[in-house]
Amino acid sequence: MTYSWILIIAMYSPAGDFMSKNTIGFNSQKECEAVKVQLVNLDNPMKVRHKGLCVTKEHWEGKKQMPGVAHD
């Protein structure tokens with residue numbers, strides 16, 4: 001399936017150290033943003049912090065940078 005929006009999920013330790021990164025594809029920005037909000041509000045017993053960013057597929061692939069969003 002081809003997605004047009006990508007949610008980039010970064011995971012950080014309780015001390016703030018970067019741990020890992022994962023991505024999930026969505027068909028619309030609205031869907032991506034809705035999951036991002038749920039992700040930030042997760043109650044995590046391990047105290048891992050999640051940060052999310054929704055970007056276009058073109059941005060993720062490096063074809064067309066979104067204004068104000070740095071490439072990874």
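**Reading the Terms on the Model**

Trainee: Why does C54 count as buried?

Mentor: The relative accessibility of C54 is 6%. Buried means under 20% relative accessible area, exposed means over 50%, and partly exposed lies in between (1.4 Å probe, protein chains only). The value of 6% falls under the first cut-off, so C54 is buried. Please note that this is a predicted model, in which local features need pLDDT of at least 70 and side-chain atom pairs count only at pLDDT 80 or more, while totals for chains, interfaces and linings use all residues. Residues are numbered from 1 along each chain as its sequence is written, and side-chain values use heavy atoms, with hydrogens and water left out.

Trainee: What makes H50, S20 and K47 buried, partly exposed or exposed?

Mentor: The relative accessible area of H50 is 19%, so H50 is buried. S20, at 31%, counts as partly exposed. K47 has 53% relative accessibility and therefore counts as exposed. For the protein chain, buried residues make up 32% of the 72 residues.

Trainee: Which elements hold these residues?

Mentor: Helices (H or I, at least four residues) and strands (E, at least two) are DSSP runs, numbered from the N terminus. C54 lies in β3, as does H50, whereas S20 is found in β2. K47 lies in the loop between α1 and β3. The protein chain has two helices and three strands, and from the N terminus on they run β-β-α-β-α.

Trainee: What is noteworthy about the phi of K47?

Mentor: Most residues other than glycine have a negative phi. Phi of K47 is near 65°, a positive value in a residue other than glycine. A positive phi, near 100°, is also taken by G16, in the hairpin of β1 and β2, which has five residues between the strands.

Trainee: How do you know that β1 pairs with β2 and with β3?

Mentor: Two strands pair if DSSP finds at least two bridges between them. There are eight bridges between β1 and β2, in the antiparallel sense, and eight antiparallel bridges between β1 and β3. Each count meets the cut-off, so both are pairs. In β2, F18 is the bridge partner of Y12; in β3, V55 stands opposite I6.

Trainee: Why are β2 and β3 called edge strands?

Mentor: The open sheet of three strands has the order β2-β1-β3, with antiparallel pairing. The strands β2 (18-26) and β3 each pair on one side only. On average, neighbouring strands of this sheet are turned by 20° against each other, direction ignored. Helix α1 packs on the sheet, touching β1, β2 and β3, and its direction makes about 170° with that of β3. Axes here are lines fitted to C-alpha atoms, for helices over the stretch in contact, and angles run from 0 to 180 degrees between N-to-C directions.

Trainee: What makes Y12 and F18 an edge-to-face pair?

Mentor: Rings of Phe, Tyr and Trp (its six-membered ring) pair if their centres lie within 6.5 Å; planes under 30 degrees apart count as stacked, over 60 as edge-to-face and the rest as tilted. By this rule there is one aromatic pair. The ring centres of Y12 and F18 are 5.8 Å apart and their planes stand at 75°, so the pair is edge-to-face.

Trainee: How do you know that K51 lies over the face of Y12?

Mentor: A charge sits over a ring if NZ of Lys or CZ of Arg is within 6 Å of the ring centre and within 35 degrees of the ring normal. K51 lies over the face of Y12, at 5.2 Å from the ring centre.

Trainee: What makes a set of residues a nonpolar core, and which residues form the largest one?

Mentor: A nonpolar core is a set of buried Ala, Val, Leu, Ile, Met, Phe, Trp, Tyr and Cys residues joined through side-chain atoms within 4.5 Å. The largest has 12 residues: W5, I6, L7, I8, I9, F26, C32, L39, C54, V55, M66 and V69. Two or more residues each come from β1 (5-12), α1 (29-40) and β3 (49-56), and β1 gives the largest share, five residues.

Trainee: With which residues is C54 in contact, neighbours within four places in sequence aside?

Mentor: Contact means heavy atoms within 4.5 Å. On that basis C54 is in contact with W5, I6, L7, C32, E33, K36 and M66. The contacts of W5, counted likewise, include F26, C32, C54, V55 and M66.
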